[in-house]
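This briefing takes up a single structure and sets out selected local features by topic. Please read it with the sequence and the coordinates open alongside.

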Amino acid sequence: HAIWSNGRHIVKAGGGLLRRSSAGYLTAGRDGRYQFPTVVDFAADLPSSFSVAVARSALPGLTLPDFDRRYNYSSASAFLQDAYRATPRLSLNLGVRVEMPGAPRNAGAFQDGVVQLGQGSSFAERLQSARLEFPSAGDQALFRPAAVDWAIRSGFAFDATGTGRTVVRGGYGIFYDRAFDSLW
């Protein structure tokens with residue numbers, strides 16, 4: 001970031017870019033699960049039930065899914081802030097920040113299905129007509145992010161006694177967090 005100081009003003013400006021990627025195998029359920037009611041049934045190789053993951057994109061066919069996944073994520077931000085010393089005992093701060101959050105993108109060769117809500121006037125109606133869609137090719141955003149988020153921040157510091165021993169501070173700000181990797 002950059003800082004410019006002139007008289008009673010200290011102006012700060014800056015920005016950032018975050019690029020993340022994640023890749024790996026989430027193999028929970030990959031190898032199937034056998035249940036045996038007793039040790040005798042286990043010894044005789046007689047399971048009472050068996051469950052295994054199947055690729056939903058291949059239904060009604062039964063094929064094992066590929067568990068390899070790759071995701072990319074990019075976001076950017078910029079800010080401008082002015083710290084103004086109004087009097088020897090009062091300082092004021094005012095700033096603005098812009099966030100371009102982006103969305104995680106499924107970028108691997110095998111991509112996950114996404115629930116697309118259907119038509120309706122309420123969420124319940126849209127959920128009833130929802131369908132599972134699988135992308136045909138290219139990267140797929142996991143959700144549609146806000147294009148730009150604006151955040152205003154302000155604050156003050158007041159030396160109540162003039163000695164610097166008792167300072168009253170206050171502030172207000174809007175803050176945005178990115179979606180953490182473990183969420184998606």
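**Aromatic pairs and their surroundings**

Phe36 has a relative accessibility of 25% and therefore counts as partly exposed. The model is a predicted one, and Phe36 belongs to one of the two aromatic pairs that the structure holds. The points below begin with these pairs and then move to the hairpin, to the loops, to two buried charged side chains and to the largest pocket.

- A pair of aromatic rings is described by the distance of the centres and the angle of the planes.
- The structure holds two aromatic pairs. In the pair formed by Tyr34 and Phe50, the ring centres are 4.6 Å apart and the planes meet at 40 degrees, so this pair is tilted.
- This tilted pair links distant parts of the chain, since Tyr34 sits in strand β3 (residues 33–35) and Phe50 in strand β4, with their positions 16 residues apart in the sense that they are 16 residues apart.
- Phe50 is partly exposed, because its relative accessibility is 46%.
- The pair of Phe36 and Phe42 is edge-to-face, with 5.0 Å from centre to centre and 90 degrees between the planes.
- The partners in the edge-to-face pair can be read separately for exposure: Phe36, at 25%, is partly exposed, whereas Phe42, at 55% relative accessibility, counts as exposed.

**The β1–β2 hairpin**

- Strand β1 (residues 2–6) and strand β2 (residues 9–25) pair in the antiparallel sense, and the pairing runs over five bridges.
- Within this pairing, Trp4 stands opposite Val11 in β2.
- The two strands form a hairpin with two residues between them, and Gly7 in the turn has a positive phi of about 60 degrees.
- Strand β1 lies largely in the open, because the number of buried residues among its five is zero.

**Loops and backbone geometry**

- Asp45 has a positive phi of about 60 degrees although it is not a glycine, and its place is the loop between α1 (39–43) and β4.
- With a relative accessibility of 59%, Asp45 counts as exposed.
- The peptide bond that joins Leu59 and Pro60 is cis, with an omega of about 10 degrees, and Pro60 lies in the loop between β4 (49–51) and β5 (68–87).
- Pro37 is found in the loop between β3 and α1, where a relative accessibility of 54% makes Pro37 count as exposed.
- Pro37 and Ser49 are twelve residues apart in sequence, and their C-alpha atoms are 9.3 Å apart in space.
- When neighbours within four places in sequence are left aside, Pro37 is in contact with Leu46 and Ser48.

**Arg69 and Glu99**

- Arg69 lies in strand β5 and is buried, because its relative accessible area of 18% falls under the 20% cut-off.
- The side chain of Arg69 reaches the backbone oxygen of Asp66 at 2.7 Å.
- Not counting residues up to four places away in sequence, Arg69 touches Ser22, Ala23 and Gly24, and also Phe110, Gln111 and Asp112.
- Glu99 is located in strand β6 (residues 90–100), and at 15% relative accessibility Glu99 counts as buried.
- A polar contact of 2.4 Å joins the side chain of Glu99 to the side chain of Arg97.
- Apart from neighbours within four places in sequence, the contacts of Glu99 are Ala76, Ser77, Ala147, Val148, Asp149 and Tyr176.

**The largest pocket**

- Rolling a probe the size of a water molecule over the atoms shows where empty space is left.
- The largest pocket holds about 810 Å³ of space and is lined by 31 residues.
- Nearest the centre of the largest pocket lie Asp66, Arg69, Gln111, Asp112 and Gly113; of these, Asp66 offers the backbone oxygen that the side chain of Arg69 reaches, while Gln111 and Asp112 are among the residues that Arg69 touches.
- Strands β2 and β5 each supply at least two residues of the lining, and the largest share, four residues, comes from β2.

Definitions and conventions. Residues numbered from 1 in each chain as written. Predicted model: local features only at pLDDT ≥ 70, side-chain atom pairs only at ≥ 80, totals over all residues. Heavy atoms only, no water. Buried < 20%, exposed > 50% of the residue type's maximum accessible area, 1.4 Å probe, protein only. Pairing = 2+ DSSP bridges. Polar contact = N/O pair within 3.5 Å; in protein donor to acceptor, adjacent residues only side chain to side chain. Contact = heavy atoms within 4.5 Å. Phe/Tyr/Trp six-rings, centres within 6.5 Å; stacked < 30°, edge-to-face > 60°. 1 Å grid on protein atoms, 1.4 Å probe; cavity = no way out; pocket = protein on both sides within 12 Å on 5 of 7 lines; lining within 4 Å. Points joined across faces, edges and corners; volume = space filled by probe spheres on them.
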